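Got the viewer open? Let's take a walk through the model, one selection at a time.

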Amino acid sequence: MDIRTAQSQAGAARTAIAELCAGLGLADRPRPDFVALHFAVGLDREELALAGRVAFGDVPLHGGSSCLGVMGSDGISIDGSGSGAFAIWDPDGSYGTASAPLGEDPQAAARAVVLAALVRAGRPGELPDMVWVTASPGREEAVLAGLRSVLGSETLIVGGSAADNDVSGQWALFGPDGLHRDGIVVSVLFPTQPIASVYQSGYAPIGPSGVVTRAEGRKLIEIDGQSAAEVLHHWSGGVVPPVGPEPQSILAPTALWPLGRVVRHVANVPFHLIVHPATVCPDGSVDLFADVSVGDRLWQMRGTTDSILGRAGAVAAAARANVGGAAAGALVVYCGGCMLSMRDRLGEVAQGVTAALGDAPWLGVFTFGEQGVPAGDEVRHGNLMISCSVLAAPDA
């Protein structure tokens with residue numbers, strides 16, 4: 001197995017693909033067996049998908065947009081048109097990619113797509129070592145339920161929701177089956193080397209908690225019988241503003257003041273899955289980036305710039321340790337909200353990951369929702385999370 005990554009800051013899609021191919025060294029070697037291509041929405045998505053298919057031929061090609069660009073072992077590319085490619089050469093492994101619109105039934109779409117990806121990998125009916133998934137934001141829980149219905153609860157499923165530069169809905173994704181705005185791309189990986197993945201956040205509970213007494217999907221209406229907005233305003237010490245006559249975006253301030261749900265205890269320590277509040281509504285409800293249910297206990301979480309800056313390196317170090325030796329390469333999922341809140345110090349985040357992975361090439365994407373597997377648990381959808389998935393080097 002060999003893994004290479006490449007990055008481009010070219011504003012033209014065809015130029016970006018040409019630079020990525022040059023960075024991967026495709027002129028001097030066969031085409032890879034799998035490529036993940038992630039990009040900012042400043043690039044023309046149709047041209048990018050077409051140029052990618054021409055350049056990589058029938059290679060499983062997994063495309064998904066990323067907030068402002070990408071980061072990786074080649075540096076930071078977040079000028080609004082940055083792109084990156086993560087390529088695996090592994091002729092004895094098996095890889096397959098499929099995509100589809102989510103349509104009216106995202107759970108059924110996810111089932112169909114993962115089954116198609118397994119057929120394309122030549123491994124129908126088998127469980128992959130890892131699934132790499134990109135879905136449009138909004139219905140990730142249903143997507144994961146569809147994947148689990150085929151793969152069970154123990155398969156490693158990792159990914160991040162497609163993103164744009166300003167939460168205006170301009171995200172995009174593509175696979176062998178076309179280009180989608182509201183869709184899903186799934187890749188199944190059967191590599192010849194082990195994979196380890198770690199999924200965490202940089203937040204801790206600070207005390208207040210309450211039980212959801214009214215909710216509708218991603219609309220949090222009441223906590224302990226009180227207006228959700230009023231409760232969060234109190235818990236956060238005013239970071240969440242009081243209810244006003246118009247909807248109020250709270251994405252920026254709550255990037256350091258999100259909510260958490262305990263989904264697992266590891267060595268008697270609770271694992272909090274993070275939920276990012278997005279909007280305070282005039283009726284006192286709060287829109288979220290993840291589903292909540294009546295009966296869930298929500299905790300006020302707190303992060304600092306330093307805790308979030310250092311977490312990516314710690315997650316990468318843990319994944320490398322879990323893989324049992326040197327890394328051949330890694331895919332990193334980093335929340336777009338975290339990235340935007342510390343954009344000027346993002347170089348420190350990348351340095352921490354590089355230090356943890358050594359000389360291994362890696363690519364990081366900035367997402368509007370993160371999917372991963374907490375230790376000892378099944379795949380979850382969360383916000384403001386970080387994951388690192390490491391493939392072992394052949395001599396590990």
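Before selecting anything, a word on terms: a pocket here is an open set of grid points with protein on both sides within 12 Å along at least five of seven lines, and a lining residue has an atom within 4 Å of a point. Keep in mind, too, that this is a predicted model.

**Stop 1: the second largest pocket.** Select E141, R261, L273, R380 and H381; of the 14 residues lining the second largest pocket, these lie nearest its centre. Now color α4 (140-151), β18 (259-266) and β26 (380-382), the elements that each give two or more residues to that lining. Which element gives the largest share of the lining? That's α4, with 3 residues. Color the lining by class and you should get 7 charged, 5 nonpolar and 2 polar residues. The volume of this second largest pocket comes to about 250 Å³.

**Stop 2: the largest pocket.** Move on to Y199, Q200, V266, F271 and A375, which sit nearest the centre of the largest pocket, among its 21 lining residues. The space in there is about 430 Å³. To see the surroundings, show β13 (195-200), β14 (204-216), β19 (269-275) and α6 (305-323), each of which supplies at least two lining residues. How does the lining of the largest pocket divide by class? Count 14 nonpolar, 6 polar and 1 charged.

**Stop 3: α6 against α8.** Leave α6 on, since it's part of the next view, and add helix α8 (residues 346-357); the two pack with their axes 8 Å apart, at an angle of about 15°. Angles under 35 degrees count as roughly parallel, so α6 is roughly parallel to α8. The crossing is right-handed. For the contact itself, show side chains for L309, A312, G313, A316, A317 and R320 on α6, then E348, V349, G352, V353, A356 and L357 on α8. By class, that contact has 8 nonpolar, 2 polar and 2 charged residues.

**Stop 4: α1 against α2.** Finally, jump to helix α1 (residues 13-24) and helix α2 (residues 45-56), whose axes come within 8 Å and cross at roughly 35°. Is this crossing left-handed or right-handed? Sight along the pair: α1 passes α2 in a right-handed crossing. From α1, pick A13, R14, I17, C21 and L24; they meet E47, L48, L50, A51, G52, A55 and F56 of α2. The class colors here should read 9 nonpolar, 1 polar and 2 charged.

Methods
Residues are numbered from 1 along each chain as its sequence is written. This is a predicted model: local features need pLDDT of at least 70, side-chain atom pairs count only at pLDDT 80 or more; totals for chains, interfaces and linings use all residues. Side-chain values use heavy atoms; hydrogens and water are left out. On a 1 Å grid over the protein atoms alone, a cavity is a set of points where a 1.4 Å probe fits but cannot get out, and a pocket is an open set with protein on both sides within 12 Å along at least five of seven lines; lining residues have an atom within 4 Å of a point. Grid points are joined across faces, edges and corners, and a volume is the space filled by probe spheres set on the points. Helices (H or I, at least four residues) and strands (E, at least two) are DSSP runs, numbered from the N terminus. Ala, Val, Leu, Ile, Met, Phe, Trp, Tyr, Cys and Pro count as nonpolar, Asp, Glu, Lys and Arg as charged, and the others, Gly among them, as polar. Axes are lines fitted to C-alpha atoms, for helices over the stretch in contact, and angles run from 0 to 180 degrees between N-to-C directions. Angles under 35 degrees count as roughly parallel, over 145 as roughly antiparallel, 65 to 115 as roughly perpendicular and the rest as oblique. A crossing is left-handed if the near helix is turned anticlockwise from the far one by less than a right angle, and right-handed if clockwise. Contact means heavy atoms within 4.5 Å.
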